[in-house]
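Colleague: Hi! Could you walk me through this one? I have a few quick questions.

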Amino acid sequence: MSAIDTDRFRERLLEERKRVDAAIQFLREEHPGSLEEEIEDYVGTSDNHLADTATATLDREIDYTLEENSEQALAQIDDALQRIEDGTFGTCRTCGRPIAPERLEAMPWATQCIDCKRKAERR
């Protein structure tokens, strides 16, 4: 892969990293306190506190899942940026062959060629 391609992928990865990091920060700012604190607010102010508590719990669980997924995406992006630095970006970690440019366009953090990924998913 040429240096120009690597530079372009580095920029795309850095842009995606910024976007994912902003999403994580938003989720953390959305719920700065603990779930217990949020539930206490409902219990003291609402006649329908069981439904409000259930809603708050569900909302918080969704946010935790989104944050966890975003953190995993961030780790994959950081790993791809490190592979660029190491000179291994675009090489399948399983078979050592080049990863198709189309795959890298769709998923610049891909670590496997499509054949190895499919084999791994069948297991």
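Modeller: Happy to. One term before we start: contact here means heavy atoms within 4.5 Å. Keep in mind that this is a predicted model.

Colleague: Good, let's use that right away. Which residues is arginine 83 in contact with, leaving aside its neighbours within four places in sequence?

Modeller: Thr88, Phe89, Arg93, Pro108, Trp109, Ala110 and Thr111 are in contact with arginine 83, once neighbours within four places in sequence are left aside. Arginine 83 itself sits in helix α3.

Colleague: And is arginine 83 buried or exposed?

Modeller: Buried: its relative accessibility is 4%, and the cut-off for buried is under 20%.

Colleague: Let me step back a bit. How many helices and strands are there in the protein chain?

Modeller: Five helices and zero strands. Reading from the N terminus, the order is α-α-α-α-α.

Colleague: What percentage of the residues count as buried?

Modeller: 27% of the 123 residues in the protein chain. The accessible surface adds up to about 8400 Å², and carbon and sulfur atoms account for 51% of that.

Colleague: What about contacts between residues at least 6 apart in sequence: what share joins residues at least 24 apart?

Modeller: That share is 53% in the protein chain.

Colleague: Phe89 came up in your contact list. How many aromatic pairs does a search of the whole structure find?

Modeller: One aromatic pair turns up in the whole structure. It is formed by phenylalanine 9 and phenylalanine 89, with ring centres 5.3 Å apart and planes at 50 degrees.

Colleague: Why do you call that pair tilted?

Modeller: Because the planes of phenylalanine 9 and phenylalanine 89 are at 50 degrees; under 30 degrees would count as stacked and over 60 as edge-to-face.

Colleague: Where do the two rings sit along the chain?

Modeller: Phenylalanine 9 is in helix α1 (residues 3-30), while phenylalanine 89 is in the loop between α3 and α4 (101-106). They are 80 residues apart, so the pair links distant parts of the chain. Both phenylalanines are buried.

Colleague: What lies over the face of phenylalanine 9?

Modeller: Arginine 8 does, at 4.7 Å from the ring centre.

Colleague: And which residue forms a salt bridge with arginine 8?

Modeller: Glutamate 105, with the closest N and O atoms 2.6 Å apart. Arginine 8 belongs to helix α1 and glutamate 105 to helix α4, 97 residues apart, and this pair too links distant parts of the chain. Arginine 8 is partly exposed at 36% relative accessible area, and glutamate 105 is partly exposed at 35%.

Colleague: How many salt bridges does the search of the whole structure find?

Modeller: It finds 11 salt bridges. One of them joins glutamate 85 and arginine 10, where the closest N and O atoms are 3.2 Å apart. With glutamate 85 in helix α3 and arginine 10 in helix α1, the pair ties together parts 75 residues apart in sequence.

Colleague: Which residues are linked in a network there?

Modeller: Asp7, Arg10 and Glu85 are linked in a network of salt bridges. Glutamate 85 is exposed, at 55% relative accessible area, whereas arginine 10 is partly exposed at 23%.

Colleague: Got another one for me?

Modeller: Sure. Arginine 28 forms a salt bridge with glutamate 67, and their closest N and O atoms are 2.7 Å apart. Arginine 28 is in helix α1 and glutamate 67 in helix α3, so this bridge ties together parts 39 residues apart in sequence. Arginine 28 counts as partly exposed at 37% relative accessibility, but glutamate 67 counts as buried at 15%.

Colleague: Changing topic: what makes up the nonpolar surface patch?

Modeller: Leu58, Ile62 and Leu66 make a patch of about 270 Å². Leucine 58 is in helix α3 (residues 49-86) and is exposed, with a relative accessible area of 51%.

Colleague: Last one. Where is lysine 117, and what does it touch?

Modeller: Lysine 117 is in helix α5 (residues 114-122). Not counting residues up to four places away in sequence, lysine 117 touches Arg103 and Gln112. It is partly exposed, at 31% relative accessible area. The C-alpha atoms of lysine 117 and cysteine 92 are separated by 9.4 Å, with the two residues 25 apart along the chain.

Colleague: Lovely, thanks!

Notes:
Residues numbered from 1 in each chain as written. Predicted model: local features only at pLDDT ≥ 70, side-chain atom pairs only at ≥ 80, totals over all residues. Heavy atoms only, no water. Patch = residues over 30% accessible without salt bridge, like charges linked within 9 Å, V, L, I, M, F, W, Y side chains within 5 Å. Areas by Shrake-Rupley, 256 points an atom, 1.4 Å probe, with all protein chains shown as cover. Salt bridge = Lys/Arg side-chain N within 4 Å of Asp/Glu carboxyl O. Helix = DSSP H or I, 4+ residues; strand = E, 2+ residues; numbered from the N terminus. Buried < 20%, exposed > 50% of the residue type's maximum accessible area, 1.4 Å probe, protein only. Phe/Tyr/Trp six-rings, centres within 6.5 Å; stacked < 30°, edge-to-face > 60°. Lys NZ or Arg CZ within 6 Å of the ring centre and 35° of its normal.
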